[in-house]
Amino acid sequence: MDFPRILSGNWDVPDSHLLSVAKSRGVYSQLPRALAMAPAEITQIVKDSGLRGRGGAGFPTGMKWSFVPPAEKRQGKSVYLLCNADESEPGTFKDRYCLWLDPHLLFEGMAIASRALDCHVGYIYLRGEFRYIARRMEAALAEAYAAGLLGKNILGSGHDFDLYLHVGAGAYICGEETALISSLEGEKGQPKLKPPFPAVEGAWRSPTIVNNVETLAVVPWLIQHGAAAYKAIGTEKSPGTKLFSVSGHVQRPGVYEIPMGIPMTQFINEYAGGLLPGRTLKAVIPGGSSVPVMTPAEVELCSMDYESISTHAGSYLGSGGFIVMDDTTDLVAALTNLLRFYAHESCGQCTPCREGCGWMHQILCRVRDGEASEVDLGTLRDLADNIHSKTICFFGASAAMPVQSFLTKFRGEFLDRVQRRGAGAA
Amino acid sequence: MPKVKINDVEIEVPAGTNMIEAAKLAGFDIPHYCYHPHLSIAGNCRMCMCEAETPRGPVLDIACNMQAREGLAIRTESDKVKAVRKSVMEFLLVNHPLDCPICDQSGECRLQDYYMDHGQYDSRGIEAKVGKHKRQDIGDLIVLDAERCVQCSRCVRFGDEVTGTGDLRLMNRGDHTEIGMFPGTRLEHDYQGNLADICPVGALTNKDFRFERRVWYLRETDSVCTGCSTSCNTKVCHQEGEVFRTLPRRNDDVNRSWMCDPGRQCNSGVGSLDRILRPTVDGVAVPDAFETLAARIKAAGAGRTGFVMGSGASLEANWALLQVVKANCPGAKVFSVAGNNAGAIAKSDGLLMDADKNPNSAGVALLAAWFGGIGGAEDLRAADLSLLVVLEDDIITRLGGNPAEAIAYFGTHNNPTAELASIVIPVAHVVEMDATYVNRQERVQRVRRATNPQGEAVPAYQALEKLGAALGRAPGTSMPTATFSAMARAVPRMNGLDYKALGASGRLLAPTVQPVAPAAPVAEAK
Amino acid sequence: MSHPAKSAASRGPREWSPEQAAEITKILARYPTKKAAVMPLLWMAQDAWDWIDLDIMRLIGRTLELPPSHVHAVASFYTMFKKAPTNKYFFQVCHTLSCALVGSDRILAHLEERLELDENGDSKDGLFSVLRVECLASCGSGPMAQVNEHFYERLTPEIIDEVIAALRSGQQLPEPRREADQWIFPVS
């Protein structure tokens with residue numbers, strides 16, 4: 001298959017994080033062009049490209065940008081551009097490669113976006129565990145500043161864009177955009193109520209755009225090749241290439257840039273190298289741990305794009321983090337593992353998620369250890385339903401969907417684990 | 001004003017009105033923990049979830065984060081809404097300790113109340129509960145039990161938004177989230193009691209009240225605080241003649257939902273040992289003290305008798321005093337000794353506490369201006385008086401000496417003036433009578449009788465009625481309503497005011513210079 | 001063997017040095033509010049004093065004009081701010097699903113046995129601390145651990161043994177080497 005490596009093109013180049021190497025690979029070549037464009041023109045290209053946010057929600061990026069109120073309606077408030085580099089969705093590890101191996105591509109994308117958004121200050125919110133990446137990125141930022149690619153009057157264009165790193169400190173929830181904003185503001189990383197939406201009232205109550213690393217890193221390519229070229233890759237509603245992370249029981253786990261829309265079996269069996277010899281597929285989580293699990297039959301039906309996964313499996317492409325589980329996997333233990341994660345990471349702000357995640361985890365531990373009854377499975381299901389869409393942010397649903405989908409799609413495995421003392425003895 | 005619909009009841013409310021408030025106006029109570037009308041919106045408890053009607057069908061969302069706008073329609077009693085409330089109750093209670101029998105919040109606990117209204121499920125909470133710190137002494141007035149907390153963050157927001165002290169925080173995260181203070185620190189502000197008031201559960205309780213009385217035994221009577229000229233609106237909580245606590249009562253134009261800690265003590269002396277219980281003449285309890293006082297006034301003569309208005313006494317009492325003088329002692333001098341109560345800490349804190357510790361300075365000023373020729377402290381010191389009749393004002397302490405040969409004192413408690421007085425008349429405490437006071441905003445506010453007067457005390461206006469009768473002309477001030485009507489007719493700035501229409505939140509006096517117009521209606525806070 | 005990491009005496013007074021003060025000035029210039037600097041300052045303090053105690057929270061509160069309770073709440077929310085000391089080599093082993101599927105339990109059990117960990121996860125020799133942590137975005141190359149700052153992936157009991165031996169013999173923690181998209185311990 002012939003497709004451009006929009007995001008991973010420089011990853012195999014030695015020292016690709018250095019400015020000289022990045023420049024030799026064409027990074028920053030689109031910045032002068034973009035700075036010469038009208039801001040609306042840049043946004044239009046992004047809109048026309050059909051690029052959807054790569055953080056997990058898949059919201060059309062150009063549309064998000066267009067929600068920022070025009071200057072005359074901002075009461076003099078600044079616009080902030082935040083890069084969500086808090087990659088922490090289990091099963092997802094693609095941004096880490098972008099940040100480590102091609103930081104300048106991200107900077108260029110952010111500088112171009114800043115022009116489109118009439119924004120002069122940006123922050124990259126990097127998860128705390130990536131401090132070793134932060135050190136490399138600080139050096140890369142310094143190089144870019146010294147070369148006039150960031151800061152005041154970029155390349156003599158008159159456009160100012162200051163870009164800073166802000167390092168988190170261990171909280172999954174900060175990947176949620178309003179929690180990220182809270183964290184940046186110096187609060188606990190807890191999501192904010194919507195409305196207001198960040199594009200209107202975000203960081204420091206100013207219009208704020210939060211985009212994923214991968215999303216922003218695509219922007220220079222869009223400027224260079226145009227929206228039509230991007231739309232020519234992938235499917236109609238899921239254009240472009242995407243970075244997919246694959247982990248678990250496959251022979252070649254890793255990050256793969258592929259065009260959207262290829263068959264999922266092809267991705268698992270060819271790119272990821274297939275299962276270990278003698279194993280059979282049991283389950284796949286396609287979009288990071290928060291999305292509903294898929295059965296092997298659903299995997300057969302799906303292709304690697306937003307619509308297909310939603311139509312055929314009732315799940316989501318999410319962040320493109322595939323967790324592949326073969327027939328050796330104890331799915332009860334797997335779900336218990338995930339709920340331990342959600343109980344640990346719930347920010348504790350709103351009631352259903354704060355109290356419910358820990359509760360679900362406790363029940364699952366009993367199911368896993370053979371100390372539960374079928375009644376507990378009913379409780380578990382109720383709790384998940386009572387959390388889903390009752391919370392301030394999407395975390396509640398993220399914890400609920402694995403429970404709902406595992407219990408539905410692999411009910412037999414759970415029933416086998418509960419003592420069938422149920423009706424009479426309970 | 002936009003029209004909104006709550007359960008098909010259409011109601012017009014100001015744009016932006018919080019939908020919990022709008023629903024209340026339409027007659028529907030939406031249960032909530034974290035929402036408070038005088039704190040920012042947190043939206044964390046999820047108890048106020050309602051169904052908003054949208055073009056895409058009904059959508060569950062929290063009412064506290066919805067503002068009234070034209071056409072907004074919500075349902076607060078649908079099956080879905082009820083199911084959410086029940087599940088939120090279940091989540092809130094899963095880690096809540098079974099403390100109710102020993103928890104002083106019982107009876108006014110929103111976990112209990114809402115469980116009865118919206119919970120009523122069979123408990124499925126068989127897992128181990130998360131343990132937290134109990135019985136923490138965090139301030140002069142407050143005990144914190146973190147296990148009982150529902151993490152609504154009201155107290156956090158109170159510290160951030162009202163006192164600006166930022167002392168309480170929710171620490172940690174997930175189901176280990178725990179309300180607490182920075183280790184080694186204590187609450188340092190004068191508004192601690194409010195924390196116990198706004199805590200919807202038994203996490204923050206008031207040391208002055210806890211374990212004193214189960215709340216279901218208490219009756220509540222509307223009143224105002226007499227601790228300073230702010231006159232925060234209050235509820236006096238009492239049982240069988242005993243006052244157990246004084247709580248703030250919402251008045252968006254006076255004290256919002258708050259009051260200061262010293263103010264909570266304003267009724268603590270109702271049953272104290274230093275109450276004046278019976279009339280005495282020269283230290284001896286007598287049945288005919290009013291006649292004796294009348295005789296001594298006559299003996300002194302109008303020219304050498306003085307009267308002192310009381311800025312701690314009600315508007316009716318001061319009016320009665322002036323009427324007694326006008327009808328019986330024309331020519332007698334009347335004084336108003338303005339200034340701070342000696343001994344009280346005179347500070348205005350920019351919140352509610354005012355340096356003027358008198359609850360009716362504005363009322364005295366109003367009547368003094370109407371009466372005319374009222375003397376001040378210097379006039380009183382300079383006056384050559386044989387007898388001084390003092391209404392609820394400790395003038396000996398205020399003046400630092402005795403300005404007259406003899407004093408007759410109408411008061412509630414013993415004090416240096418009462419000690420020195422040859423005639424002492426007991427009067428009712430503020431919680432023992434119906435009357436009005438005028439606060440620093442010139443808002444006329446009612447107090448209501450919660451308990452019977454102690455001993456032989458009667459409201460001061462009735463005592464003065466008796467004095468007037470003994471002098472020959474009773475002022476007609478035995479009933480507060482009639483007294484108020486007489487004032488409203490006579491005093492231009494009170495024209496149009498009606499005792500009953502003062503309602504729960506009071507009415508402003510007419511402005512000084514402008515023609516008399518009814519006071520503007522009380523605006524609802526956003 | 002004596003290892004300084006856990007000794008409180010080496011921490012010195014909790015006051016900013018001139019260098020730190022200069023750095024704070026630079027940090028503050030990045031944000032429209034002082035409050036936003038609370039996490040950068042917590043990191044700075046942790047780098048200097050190894051873990052965050054109440055004195056540090058007070059210091060940061062004073063510096064940023066925040067109540068100490070706020071600094072405390074922020075520090076308590078984020079798991080990477082250490083509220084207690086750890087030993088010199090701090091293994092944070094991911095045990096979330098992807099790593100669990102490929103044997104993180106085996107690595108943890110091995111560390112526990114080799115290092116004779118107590119209930120706090122501190123090794124008997126006082127050199128190592130081990131903590132189970134949630135997903136570190138290294139799912140394709142598990143089992144893995146973050147040791148101090150760096151990620152070390154594709155761990156095996158054999159690698160663990162080599163690393164422990166090297167560190168016990170006084171060698172410094174090596175930077176991981178990237179090989180075939182993994183960051184590995186460059187041992188032997």
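These questions and answers walk through the chain and domain interfaces of a predicted model.

Me: Happy to start with chain A on its own: how many helices and strands does the secondary structure of chain A come to?
Reply: The C-alpha trace of chain A spans about 80 × 45 × 35 Å along its principal axes. Within chain A, the secondary structure comes to 18 helices and eight strands.

Me: And how compact is chain A, judged by the radius of gyration against the globule rule?
Reply: Chain A has 18 helices and eight strands. For its 426 residues the globule rule gives 22 Å, and chain A is close to that value, so it is as compact as a globular protein of that length, with a radius of gyration of 22 Å.

Me: Nice. Now to the interface of chain A and chain C: what area is buried between them?
Reply: The size of an interface is often given as the accessible area lost when the parts come together. Here the contact takes 60 residues from chain A and 43 residues from chain C. Carbon and sulfur atoms give 59% of the area buried between these two chains, which is about 4200 Å².

Me: Which three residues supply more than any other three of the area that chain A buries against chain C?
Reply: Chain A brings 60 residues to its contact with chain C. Three of these residues supply 15% of the area that chain A buries there, and they are A:Arg96, A:Arg131 and A:Ala169.

Me: Which side chain of chain A does C:Lys35 meet in a salt bridge?
Reply: Between chain A and chain C the count is five salt bridges. In one of them, at 2.5 Å from N to O, the side chain of C:Lys35 meets that of A:Glu187.

Me: Which element gives the largest share of the side of chain A that touches chain C?
Reply: There are 26 residue pairs in polar contact between chain A and chain C. The elements giving two or more residues to the chain A side include helix 5 (94-101), helix 7 (131-146), strand 5 (241-248) and helix 13 (331-345). The largest share is seven residues, and it comes from helix 13 of chain A.

Me: How does the side of chain A that touches chain C divide by class?
Reply: Polar contacts join 26 residue pairs between chain A and chain C. By class, the chain A side of that interface has 30 nonpolar, 18 polar and 12 charged residues.

Me: Let's look inside chain A: how far apart are the centres of domain 1 and domain 3 of chain A?
Reply: Chain A is assigned domain 1 (19-231), domain 2 (241-326) and domain 3 (331-420). Taken over C-alpha atoms, the centres of domain 1 and domain 3 of chain A are separated by 35 Å.

Me: Which residues in domain 1 of chain A lose the most area to domain 3 of chain A?
Reply: The area buried between these two domains is about 870 Å², with 68% of it from carbon and sulfur atoms. On the domain 1 side, 53% of what is buried comes from three residues together: A:Tyr172, A:Gln190 and A:Pro191.

Me: How many residue pairs are in polar contact across the interface of domain 1 and domain 3 of chain A?
Reply: The rule finds zero salt bridges across this interface. For polar contact, it finds residue pairs numbering three.

Me: Moving on, which three residues supply more than any other three of the area that chain B buries against chain C?
Reply: The contact takes 10 residues from chain B and 13 residues from chain C. These chains bury about 1000 Å² between them, 64% of it on carbon and sulfur atoms. On the chain B side, 57% of the buried area is supplied by B:Arg169, B:Arg173 and B:Phe182.

Me: How many residue pairs are in polar contact between chain B and chain C?
Reply: Zero salt bridges are found across the interface of chain B and chain C. The count of residue pairs in polar contact is four.

Me: To finish, how do the residues of domain 1 of chain B that touch domain 2 of chain B divide by class?
Reply: The C-alpha centres of these two domains lie 26 Å apart, and 12 residues of domain 1 are in contact with 15 residues of domain 2. The count between them is 10 residue pairs in polar contact. The domain 1 side divides into eight nonpolar, four polar and no charged.

Key. Residues are numbered from 1 along each chain as its sequence is written. Chains are lettered from A and ligands numbered from 1 in the order in which they are written. This is a predicted model: local features need pLDDT of at least 70, side-chain atom pairs count only at pLDDT 80 or more; totals for chains, interfaces and linings use all residues. Side-chain values use heavy atoms; hydrogens and water are left out. Contact means heavy atoms within 4.5 Å. Buried area is the accessible area (1.4 Å probe) that two parts lose on being put together, summed over both. A salt bridge is a side-chain nitrogen of Lys or Arg within 4 Å of a carboxyl oxygen of Asp or Glu. A polar contact is a pair of N or O atoms within 3.5 Å; within protein, one must be able to donate a hydrogen and the other to accept it, and residues adjacent in sequence count only if both atoms are side-chain atoms. Helices (H or I, at least four residues) and strands (E, at least two) are DSSP runs, numbered from the N terminus. Ala, Val, Leu, Ile, Met, Phe, Trp, Tyr, Cys and Pro count as nonpolar, Asp, Glu, Lys and Arg as charged, and the others, Gly among them, as polar. Domain bounds come from an automatic or database domain assignment. The radius of gyration is taken over C-alpha atoms; the globule rule is 2.2 Å times the number of residues to the power 0.38.
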